[in-house]
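User: I am a first-year student, and I would like a close look at one part of this model. Please keep the sentences short.

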Amino acid sequence: MAEKKKKDIRIDPLLMVVLSKRLDAISREMANTLTRTGRSGNINTAKDFSCGITDAQARMVCVDEGLPIHIVGAGLAAKSVTDLFDDIQPGDCFLNNSPYYGNSHHADFTFMVPVFYKGKHVFTTITRAHQGDIGNHDPTTYMPFASDVYTEGGLDFPCVRIQRDYKDLADIVRMAKVRIRAPEQWYGDYLAAIGSVRTGEKRIVEMCDKYGLDTVMAFTERWQEYGRTRMIEAIRLLPAGTWENETRHDPLPFVAPDGVPIRVKLTINPMEGYITLDFTDNIDCIPFGLNMSEATVMASAVSGVLNNLDPTLPHNWGAFSRIIIKVREGSVVGQARHPLSASMATTNLADRVINVVQACFGKVSKELGLAEGAYMPAAAGSVFGIDWRKNNALYVRQLMMGGAGGPGHHGYDGWLGYGIPVTAGVVHMDSIEIDEQAMPLLVDKHEVIPDSGGAGQWRGAIGMECHQRPRHDAGSWGFIADGHFNPPQGINGGLPGSALQLYKYTLDKGEETKTELPTVSLETLQPGEAMISMSSGGGGFGNPLDRDPEKVRHDVREGYVTLEKARDIYGVVINTDTELYSVNNEATKALRAGMKKNAEATK
Amino acid sequence: MSYRLCIDIGGTFTDLVVADAQGNVNIFKSPTTPGNYTDAFIETVKMAAGHYSLPLKEFMGQCSTIEGGYFGHGSTVSTNAIIEGKVAKTALLCTKGFRDILVAREAGKENPYDFQMEYPEPYIPRYLTFGISERINAEGGIEIALNEEDVRQAIRQLKEYKVRAIAVALLWSIANPVHELKIAEIIDKEWPGIPYSLSHLVNPCIREYRRFSSTAIDASLKPLVSNYVAQLEKRLTEIGYKGQLSLLTSSGGVVSAEELVKKPIFSVDCGPALAPSAGRLIAETDLSLNNIITTDMGGTSFDVACITGGEIAVSRDTEVGGFMLGINKVDSKSIGAGGGSIAWVDSGGLLHIGPQSAGAVPGPACYNKGGTEPTVTDANIVLGYLDPTYFLGGEMKLDKKLAVKAIQDKVAAPLNISVEEAAYAIWGAVNASMSNVIQDITVWRGIDPREYLVVSGGGAGGLHMVAIAEELGGRQVLIPSVAGALSAFGGAFADVTSDFSLSKFTESGSFDYEGIKAALTSLERQAEEFFEHMRVPKKQQKLQVYAEARYPFQVWELPVLLQGTGIANQKQLDRLVADFHKLHHKVFTVSAPDQPVEFVYWRVKAIGKLPKPDFPAAKAVPSKAASKATRKAYFKDLGGMVDTPIYKGVDLKPGNVITAPAIIEEPTTTILVMPDSKASITRYGNYLIEIGKTAGKSRVVKK
């Protein structure tokens, strides 16, 4: 009966616009509150968080423009609240960081407030943020070597109530403070997250006051229908068929000496408006922290699809429901089963999943698909130590530097400072001055690496080189990089981006004495020692010999591509006798014709 | 007789406001002449001289400062140069190893799934960016001494490239400027006369990208702004102006030409920055109110700013043309919503307004200049809000049939609704976008817009702002008689202001009384020099001191106003700390009173208060002559198209009260008096719209 009544309420076109903008504004306000008040660099600078709203059935209604890896799967965490509790009430707030209960991974704390209106649970506001520390065995939020939750050593909150009647449950907060390094920083982040979800709650109640609950609920249904329609329309534009693709994560010590292959089978059904991603043909979970959680498989698989579609598609459950994801229980791309570790479920394999899906579209059509984006750089590691300037206070943070290169795709070069596929350029880079004020470290260099972008008609973005070192006391640097053995691949004739490199050297002996470091490791740097991170460039799209010579000239003049590579890879001859350089058109034409002929001959 | 006048050169129009000694105000407008701004300038002054029946020379003489007059001026010249990439060829000298600070920016892309975007070029090309071997650390200690030969070598190369300006920005120059100063010395010696900017002077803030960006923009504007000012002063002298020129700044005040040429970045966006000053003056004069939201809706954009307790909100988080300004600037938020914004329906049946705009050419469909896309103006025609025969006072004829066709084809048909309903949806949707912007800059900062007066400027504002204010729960909207030239009016009566700031870190637990005293003393000395230079009499001088504070580990600060001009003892410190906790709670709904507070920047705002002008107030003598006729206009609450009385604004007199529904037509604006509101003419000739008891309740959902 109630259902029928809801449908009777007409949501006219204007009300659709007004309420959708209103909800969008609420999620943006939630995000603003978190950024401005958060304490750790992940939140206040990098913006490694997302805010969103689901309905009482945990269906995503809207999200702010947060991280791709957070967005799609956030509904699963909201579902854990209603699945596990039968006594939820106004004033409650829940914390879930458990990959076994619908969360992404342990480092993301997800705070959820069930929003009540006239005694009824109508929406849930969600704020998910990567914490500065979570009390892991090692001072890092990423535990690659952990085989299970016990070796990770951090706290698992399998969806627990943390506020009742709008007040902290002091015992839970106390638990966290005892087990988390830099507890004041954490508590500051906690307050920021509470501010964010409570702001969302307040605004939703105001919205229901103003428009009436029935109208708001009827709108929500229409909004999901709208998302569904838009997604179906987008899928209808694609050709029908099934395609397969594979990529491979770098070798992992002991557990995967040949690396981890990641495979997908993509089926597009434009008639019915569905896309299916089949991940069942993947290896079993490994005793290592890289296994994926259900939430991160969903989020990364869907991201790979969305990257290929109209960017204005709404990000709601209705739209996402047209993408079907098949996984095999117990697979690395499935759902990590307790107690296997999913400490790093949001990055390494998730990055590979986004790439394998987005690049698979290159097989669908010559004008579709994105090359592989670059993988986790070493400059974005976790650092830990003491600060002699602040009475030896502890510092523990994830740095956000060394931005790796985005993928080339049809019509556009890759995005510089893209970071990794799961962050897709959304995460902000640290201010070096802010970091040097907050922590006793020094950055000696942060510049782009020439020729690192995968060549192509549309070039992958270039990677960056970053030198970091501790001051005064030793510090520990944790790395979990990828792309050294398997750099980002190009598609449709594009070349791969540069391989990731990681080195260490002693200042007084000079940079030329640098030695390679394992890309997955925890290193102690002494004062006077520095690390060098060389991130990958993104993969290229299309044949480099088809790149507009003017773009090549610009790349050479700006130092993104060297003269030699311009000639040898792009077949473009550049004259350097004028300030802005110029393309030698005739020589270029002849060179390119010869190179194409050679390529034909060797085929 | 002496006149105060101000010319604001905007993107489309050049506005001149003239106030005579009695406070009577006149507005003159002419189209801006891109490429030669001074022509429009002189043209508009000639119009004014003609109006007062004075020879140009005599009129200019009476505007001169030495005759007791005043000449204010703001121009879009630097804003346009940045947006169009027509600034001087500029090089950057930076710390070696950090050539990509302007390239990499702070990262952060908007839509995570959108890869159909070109990565923006850096403000200064990489090949004109030179790394200089040197390094200073966070405490100001020298890690690597300056390599002076690097500097000389770079300068030799720059001479060859014939750059016109140099930006010098080094890491941690805010903690120790010694290397930047040394580089300045070398430039002066090696290349005397080349303009340059030093980052620790342009914008002494932590966060290298923002400081580097401010410095690059500042240097790149130096040749342009000094030429512009020199040319202008020459032309002004030729036509008989004697004395000082006051130039508008992005912080909403005026400074002398000499000051602005030193820091030209403060000329960016000065026009929009003066609209809130105008709104404040008008609201204080007419209604004695000082909590105000000022809005400006024109053809392509909607700007909004906020004033609390008479203080205009400023922000350091501002961009122009996608480039970070990084300086303290009036916090004016802008979106692409105006009369020309295009309405369209997507494949899922959702209506969107903009961001595309029909601009002036081809313009809205009703302009009959080839535009076929339905715009907000077309919707206003269909709804009967605008009279197609009386647009711009009748100077331009609009074609209603074309407006109907565009809306029918592109909006009504796909949504399967009537053309009036479609037009109403367009009108309502653009209102929703604008009310969201207002919420962003009020609610997000802990301000309740219901307690604020809305002052509405711009030609298109009168048709939308009353509904928007009502949507926000506001009760009053003031539409000034000078709504069409709000910025110029603000510039004619602006205070002389300048900000002085420096980074000096300390925290409440171990407060550095001596260090902060020294810092504030140096800022005050700069403020005093400024007052002296600007010849501000002692009794008009006012200093406001702000501490920019945060909790440990936070990186975004809140500005806390000091009760006095310094922190000399525990009691004053406690007060400041308590004020911070209170402010944090107000803005973000949480605070942590048991935690220490960090202080990062100190800022002194120097204000030379202009004595409050005496505007003439009229006695209320309502006129009966203003009623024109009736026209069908759309009011959803009244069931659709209803006969609506139309009033001629120029014939209305103070004391006239217009009941709803009604439409008031002025030559440059039209005011919609919505049901549940009434309009009255104030003693100063402004329109005050009061919204009835049902304010805050939405009309949209009513059946």
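The part I have in mind is the open sheet of chain B with the order β6-β5-β9-β10. How is the sheet built, and what lies across its strands?

Analyst: Here is the sheet, followed by some of what chain B holds elsewhere. Keep in mind that this is a predicted model.

Start with the strands. There are four of them, and they form an open sheet in chain B. Read across the sheet, the order is β6, β5, β9, β10. The pairing is parallel.

Now look at the edges. β6 (129-132) and β10 (196-198) of chain B stand there. Each has a single partner strand, so one side of each has no neighbour in the sheet. From one strand to the next, the twist averages 20°.

Take one pair next. Strand β5 of chain B covers residues 90-95. Four bridges join β5 to β6(B), and the two run parallel. One residue pair shows this: B:Thr95 has B:Ile132, in β6(B), as its bridge partner.

Then comes the helix. Helix α5 of chain B spans residues 148-161. It lies across β5, β6 and β9 (165-169) of chain B. Its direction is at about 165° to β6(B).

Step back to the whole chain. Chain B is divided into domain 1 (1-75), domain 2 (87-226), domain 3 (341-430), domain 4 (496-608) and domain 5 (627-691). The centres of domain 4 and domain 5 of chain B, taken over C-alpha atoms, are 47 Å apart.

Chain B also touches chain A. On the chain B side, 65 residues take part, in contact with 74 residues of chain A. Three helices of chain B, α4 (101-104), α8 (208-238) and α13 (419-442), each supply at least two residues to that side. The largest share, eight residues, comes from α13(B). By type, the side of chain B that touches chain A divides into 37 nonpolar, 16 polar and 12 charged residues.

Finish with a single residue in another strand. B:Thr308 lies in β14 of chain B, which covers residues 302-308. Is B:Thr308 buried or exposed? It falls in between: B:Thr308 is partly exposed, because 17 other C-beta atoms lie within 10 Å, and buried would take 20 or more. Setting aside residues up to four places away in sequence, B:Thr308 touches B:Asn291, B:Ala313 and B:Ile447. B:Ile293 is 15 residues from B:Thr308 in sequence, and their C-alpha atoms are 8.6 Å apart in space.

Notes. Residues numbered from 1 in each chain as written. Chains lettered and ligands numbered in written order. Predicted model: local features only at pLDDT ≥ 70, side-chain atom pairs only at ≥ 80, totals over all residues. Buried ≥ 20, exposed ≤ 12 C-beta atoms within 10 Å, placed from the backbone. Contact = placed C-beta atoms within 7 Å. Nonpolar A, V, L, I, M, F, W, Y, C, P; charged D, E, K, R; others polar. Domains from an automatic or database assignment. Pairing = 2+ DSSP bridges. Axes fitted to C-alpha atoms, helices over the stretch in contact; angles between N-to-C directions.
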